Amino acid sequence: MTADPLNARPASADHWPPGGIVGEPHPHDSAHLHVTGRALYCDDIPLPANALDAAFGMSAVAHGRIRSMDLSRVLGAPGVVATAVPADIPGENNYGGAVHDDPIFAHDLVQYAGQPVFAVAASSELAARKAARRARITYDTLPAILDIRSALAAESYVLPSRHLVRGTPHQMLASAPHRLQGTATIGGQDHFYLEGQIAVALPQEDDAMLIHSSTQHPTEVQHVVAHALGVPLHKVTVQCRRMGGGFGGKESQPALVAAAAAVLARKTGRPVKLRLDRDVDMIMTGKRHDFLADYDVGFDSQGRILAVTILLASRCGYSADLSGPVNDRAVYHLDNAYFLEHVEIVSHRCKTHTVSNTAFRGFGGPQGMLVIERVMDDISRSLGRDPLDVRRTNFYGVRDRNVTHYGQTVEDNIIHVLVDGLESDSAYRERRRAVAEWNAAQPIVKRGLALTPVKFGISFTATQFNQAGALVHVYTDGTVLLNHGGTEMGQGLHIKVAQVVAAELGLPLAAIRISASDTSKVPNTSATAASSGSDLNGMAAQAAARIIRQRLVEFACESRGLRAEEVRFAGGRVQLGTESRAFVDFVRDAYTARISLSSTGFYRTPKIHWDRTTLRGRPFFYYAYGAAVAEVAVDTLTGETQLLRVDILHDVGNSLNPAIDRGQIEGGFLQGAGWLTSEELWWNEQAELQTHAPSTYKIPTVRDWPALANIRFFEGTANREETIYRSKAVGEPPLMLAIAVFCAIRDACAACGPPHALPELVAPATPEAVLRAINGMRHGRVS
């Protein structure tokens, strides 16, 4: 399948370096270590014999003032060496980033059940955890706000609300020939990374501190630890070789764990490891934001949206954390792939006495996109039109109707041709008829089918984070050591960046080794987030490799009287005019001639700009596109659902590594399906999280993968922007392909009621939610 050349650059060999390194399905660089159990994570790092283990003591109430705290029984417990409370922090008692409203240890006010109030260090992990439970703490309880509606009623917000308007939505609504109102309810999601939160703090000489942290953001951990210890940044080094999963949950939150470990290490003068067990991890750490969206939409007889107003509110928890940019991105992605000419969005960032929600794969984008897909479904059912036809009617145009509600022109629109191709390849129309026939004949098990698109913006919306650095050393045996500002959490970033350096220097991949992310090697790094890891760090590493290569070219020209075009690097050899030399021999010659074989590289994303006060600008360098067709079965007696088949067509530009990219598409889709079907978070009336273990919180498993899955890359479309070899980000966008699963479940529910029925299905679509939707629809809402 090829794309319209007007909309995207056709793939070209001109974008690829020679040598067959980039664009090939190389295995993950640590795959052989993963499958043999030899990959070292933070918990595997050998520690000195005098190392201590630590645990948190947590608040037992959601909102209250600490009346008294007696830790004498904690200090008297077997194996205990020390405790840490706010008074033990030499510097600032805070791990919040943009807003300093997250205490490491609550001082007198606690604001969620499970909030850390102290930490204890002991001779073993078990001893520390047992001791933490011996604390005697009394509280004066205060009223707690637990949900979004209550926060809206109380006007309880962690940050000011935002308001975006384009056109004249209220006037257009008043004159629209058709109009609907509704509410979308969207649940949160726990990250459920395989490796929990962990940090190791090792005191160094002269008040310095070395931190091993399972973190997506080593620089933020460095800053928080330095501020907590009251030392300058150059006295704190943070290292991370790999994480056992992150998904956004290790962007801001690891700083809490690292800071507490560092405070105990400073107090005792001994190394301290602090690792959260699964229950504590789920209780203490933030989730994907849950959202409510009240919408009012006006449309014509074809389903084209004439105007829409949306009140968008999220549960942020007790502090700001990353709720500002998460909610901003939700606003930016409320359009998904659709042109909204007259639109008003009011975004509330609600404060509740629950754990502070945080970054999660998609960063607010999935929630915003699910809202507009709900609107599209409701319009189509109210008109009796196929939902795909309504969606296509509202797609962004190519030459017109191509400016987003935040003012960015969509210059790379391939959604029309991509969806056309998927519709044909998946036999959507034929299957739509088959589903209708099945539902007419089957009273118990209903089927549903949906095709939904994805248009996802790539870049940090905070412009300053769109930068990266790298460090490349070439040794005299011809091998290369690479370090860059990104972190590896299983997504394959390191292998992709290694492929870039190997290709630039004409070396086999085995000649490249990547060392642990390290703030002492590449400083001032951005989080590995926003799907930008390969874009940013790949370009920075390329810049460093090209500097070294250029030095070698200049050396060859000066020493051999050659022209630059006569010097080529490929296959581990250097072509010097008519002479061919092994790379290692040529490097030794360069070293002998005192040519520098080490370089830093730097990259900053061009073109982007954004005004946070007006919510307008060009926050994204480009868009990634995709679409999915999902078919499901729903048991109307039990509410159980089964994903029968999925067809995915996804845009990755020129894939740097097809094996890695396919894995990201498959994993992202299934994680999104879990968010929208089974992963329900539930707090009791005391605001205590009850779903804090795999026994009560259900992530998808291999049994949830459909029997038939057809996944293809959208071919023939190199990224029109100058990214690393014209590739596209693939970390977050695939998650939103799973919206098709939720829409298909709604489609099956609709088959249980009268024509034009609008199922009130909440996400996640658990069996209970499905039954409520079916029963409510049979007796309730019809447009």
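1. In this predicted model, the side chains of strand β21 (residues 567–570) alternate between two faces. V567 and F569 point to one face and are buried, whereas R568 and A570 point to the other and are not buried. This follows a general pattern: in a regular strand, side chains alternate between the two faces of the sheet.

2. The partner of β21 is strand β22 (residues 573–576), and the two pair in the antiparallel sense over four bridges. Within this pairing, V567 stands opposite L576. The two strands form a hairpin with two residues between them, and G571 in the turn has a positive phi of about 60 degrees.

3. V567 also deserves attention for its contacts. Neighbours within four places in sequence aside, V567 is in contact with V553, A556, C557, L562, V574, Q575 and L576. V567 is among the residues with the most contacts inside the largest nonpolar core, which has 156 residues. Helix α15 (residues 533–560) supplies the largest share of this core, 12 residues. Another core, of 41 residues, lies apart from it and includes A54, F105, V236 and A258.

4. Helix α11 (residues 387–394) offers a second example of burial: P387, L388, V390, R391 and N394 are buried. These residues lie on the same side of α11 because they cover an arc of only 160 degrees around the axis. The elements covering them include β14 (305–317), α10 (365–383), α12 (415–425), α13 (428–441), β16 (445–458) and α18 (739–750).

5. The N-terminal end of α11 is capped by D386. A side-chain oxygen of D386 lies 2.8 Å from the backbone nitrogen of L388, and L388 is itself one of the buried residues of α11.

Key:
Residues are numbered from 1 along each chain as its sequence is written. This is a predicted model: local features need pLDDT of at least 70, side-chain atom pairs count only at pLDDT 80 or more; totals for chains, interfaces and linings use all residues. Side-chain values use heavy atoms; hydrogens and water are left out. Buried means under 20% relative accessible area, exposed over 50%, partly exposed in between (1.4 Å probe, protein chains only). Two strands pair if DSSP finds at least two bridges between them. The arc is that of the directions from the helix axis to the C-beta atoms. Contact means heavy atoms within 4.5 Å. A polar contact is a pair of N or O atoms within 3.5 Å; within protein, one must be able to donate a hydrogen and the other to accept it, and residues adjacent in sequence count only if both atoms are side-chain atoms. A nonpolar core is a set of buried Ala, Val, Leu, Ile, Met, Phe, Trp, Tyr and Cys residues joined through side-chain atoms within 4.5 Å.
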